[in-house]
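Ready for a few guided exercises? Look over the sequence and the model first, then try each task before you read its solution.

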Amino acid sequence: MSKPADKIIIAIDGHSSCGKSTIAKDLAKKLNLIYIDTGAMYRAVTLFALSRGFINNDGINADKLRNSLSEIVVEFKRNSSTGELDTWLNGENVEKAIRTLEVSNNVSAISALKFVRERMVKLQQEMGQSGGVVLDGRDIGTVVFPNADLKLFMTASPEVRAQRRFDEMQSKGECVTFEDVLSNVQNRDHIDSTRVESPLRKADDALVLDNSFMDREEQFDWVLEKLSERGLYKLLQK
């Protein structure tokens with residue numbers, strides 16, 4: 001392969017709570033790539049809409065959100081304590097705030113808005129156009145970077161994904177029930193897969209990784225094997 005390692009793009013799509021960001025972060029660290037958390041970008045927009053009162057029992061006030069979209073600045077900054085990239089919204093660290101169940105319950109509906117997706121896709125393409133990146137989301141391999149060098153589609157059963165999410169939220173001290181988390185996972189699956197704008201689907205050339213019965217290390221090894229089969233792993237090691 002003639003493409004330089006620092007130009008390689010890895011796209012990871014899949015259902016909610018299936019470990020996409022975990023794999024993406026691990027790959028970024030191992031292969032010295034830049035990780036772009038596209039899901040966090042949509043969560044940040046959702047948090048913004050919630051904080052402005054654009055989301056209520058009547059639904060989303062799309063007009064107000066559209067008119068305020070230019071005010072939203074999303075950045076990723078390295079956390080000196082954890083070493084991870086945290087999400088910042090308009091100058092404030094919102095990494096914890098965007099992971100709440102309230103945001104999770106609304107992010108799919110916000111992500112389905114055409115004007116939101118157009119804005120986020122443009123930003124994602126600008127962030128990753130130079131290459132040397134790994135991105136995870138719902139439409140990375142189909143819309144954002146359809147010519148990515150490696151495309152993965154991750155999934156697992158709804159119950160397995162809900163249990164993982166439930167355990168994660170409990171470890172952070174959040175008061176949630178498994179039933180609520182499972183309902184959220186199932187609802188997001190439906191919205192993500194049936195929305196008009198960039199619905200969640202597997203790219204024709206994406207490799208499917210069902211991690212229902214795989215631990216973190218097994219998943220990582222599986223991806224490295226696929227990279228090796230394509231000559232990408234050796235290239236990235238240079």
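**Exercise 1. Find out which residues Leu89 touches, and then place Leu89 in the model.**

Solution. Leaving aside residues up to four places away in sequence, Leu89 touches Ala44, Leu47, Phe48, Ile72, Val73, Val74 and Val94. Keep in mind as you work that this is a predicted model. Next, look up the element: Leu89 lies in strand 6, residues 85-89. Then check the accessibility: buried means under 20% relative accessible area, so Leu89, at 9%, counts as buried. Finally, compare sequence with space for Leu89 and Met214: they are 125 residues apart along the chain, and their C-alpha atoms are 34 Å apart.

**Exercise 2. Describe helix 2, from what comes at its start to what follows it.**

Solution. Begin at the start of the helix, where a side-chain oxygen of Asp37 comes to within 3.3 Å of the backbone nitrogen of Gly39. Now take the length: helix 2 has 14 residues, and its first and last C-alpha atoms are 20 Å apart, close to the 20 Å expected at 1.5 Å a residue. The next step is burial. Helix 2 is mostly covered, with 12 of its 14 residues buried. Among the buried ones are Ala44, Leu47 and Phe48, and these three also appear among the residues that Leu89 touches. After the helix comes Gly53, with a positive phi near 80°.

**Exercise 3. Characterise the largest pocket by its volume and its lining.**

Solution. Start with the volume, which is about 1000 Å³. Then turn to the lining: 43 residues take part, and Gly19, Ser21, Thr22, Arg99 and Glu168 lie nearest the centre of the pocket. Which helix gives the most to this lining? That is helix 2 (residues 38-51), with five residues.

**Exercise 4. Work out how helix 1 and helix 9 are covered.**

Solution. Take helix 1 to begin with. Its 12 residues should span 16 Å at 1.5 Å a residue, and the end C-alpha atoms are indeed 16 Å apart, so the two values agree. Its buried residues are Lys20, Ile23, Ala24, Asp26, Leu27, Ala28 and Leu31. What covers them includes strand 1, strand 2 (34-37), strand 8 (133-137), strand 9, helix 9 and helix 10. Past the end of helix 1 sits Asn32, whose phi is positive, near 60°.

Now move to helix 9, residues 216-229. This helix has 14 residues and reaches 20 Å between its first and last C-alpha atoms, close to the 20 Å expected. At its N-terminal end, Asp215 acts as a cap: one of its side-chain oxygens lies 3.2 Å from the backbone nitrogen of Glu217. Buried in helix 9 are Gln219, Phe220, Trp222, Val223, Leu224, Lys226 and Leu227. Their cover includes strand 1 (9-14), helix 1 (20-31), strand 9 (150-155), strand 10 (207-210) and helix 10 (232-236). Just after helix 9, Gly231 has a positive phi of about 75°.

To put the two halves together, helix 9 is part of the cover of helix 1, and helix 1 is part of the cover of helix 9.

**Exercise 5. Compare the settings of Ser17 and Ser198, each of which has a positive phi.**

Solution. Look at the angles: phi is about 60° for Ser17, although it is not a glycine, and about 45° for Ser198, also not a glycine. Then find the loops. Ser17 lies between strand 1 and helix 1, while Ser198 lies between helix 8 and strand 10. Last, sort them by accessibility. Ser17 has a relative accessible area of 24%, so it is partly exposed. Ser198 has 16%, so it is buried.

**Exercise 6. Is Val196 buried or exposed, and where is its place?**

Solution. Locate Val196 in the loop between helix 8 (178-194) and strand 10. Its relative accessible area is 77%, so Val196 is exposed. As a final step, pair Val196 with Lys114: they are 82 residues apart along the chain, and their C-alpha atoms are separated by 8.4 Å.

**Exercise 7. How many disulfides does the structure hold, and how accessible are Cys18 and Cys175?**

Solution. The count of disulfides is zero. For the two cysteines, use the accessibility values: Cys18 has 1%, so it counts as buried, whereas Cys175 has 82%, so it is exposed.

Technical notes
Residues numbered from 1 in each chain as written. Predicted model: local features only at pLDDT ≥ 70, side-chain atom pairs only at ≥ 80, totals over all residues. Heavy atoms only, no water. Helix = DSSP H or I, 4+ residues; strand = E, 2+ residues; numbered from the N terminus. Expected span 1.5 Å × (residues − 1). Buried < 20%, exposed > 50% of the residue type's maximum accessible area, 1.4 Å probe, protein only. Contact = heavy atoms within 4.5 Å. Polar contact = N/O pair within 3.5 Å; in protein donor to acceptor, adjacent residues only side chain to side chain. Disulfide = S-S within 2.5 Å. 1 Å grid on protein atoms, 1.4 Å probe; cavity = no way out; pocket = protein on both sides within 12 Å on 5 of 7 lines; lining within 4 Å. Points joined across faces, edges and corners; volume = space filled by probe spheres on them.
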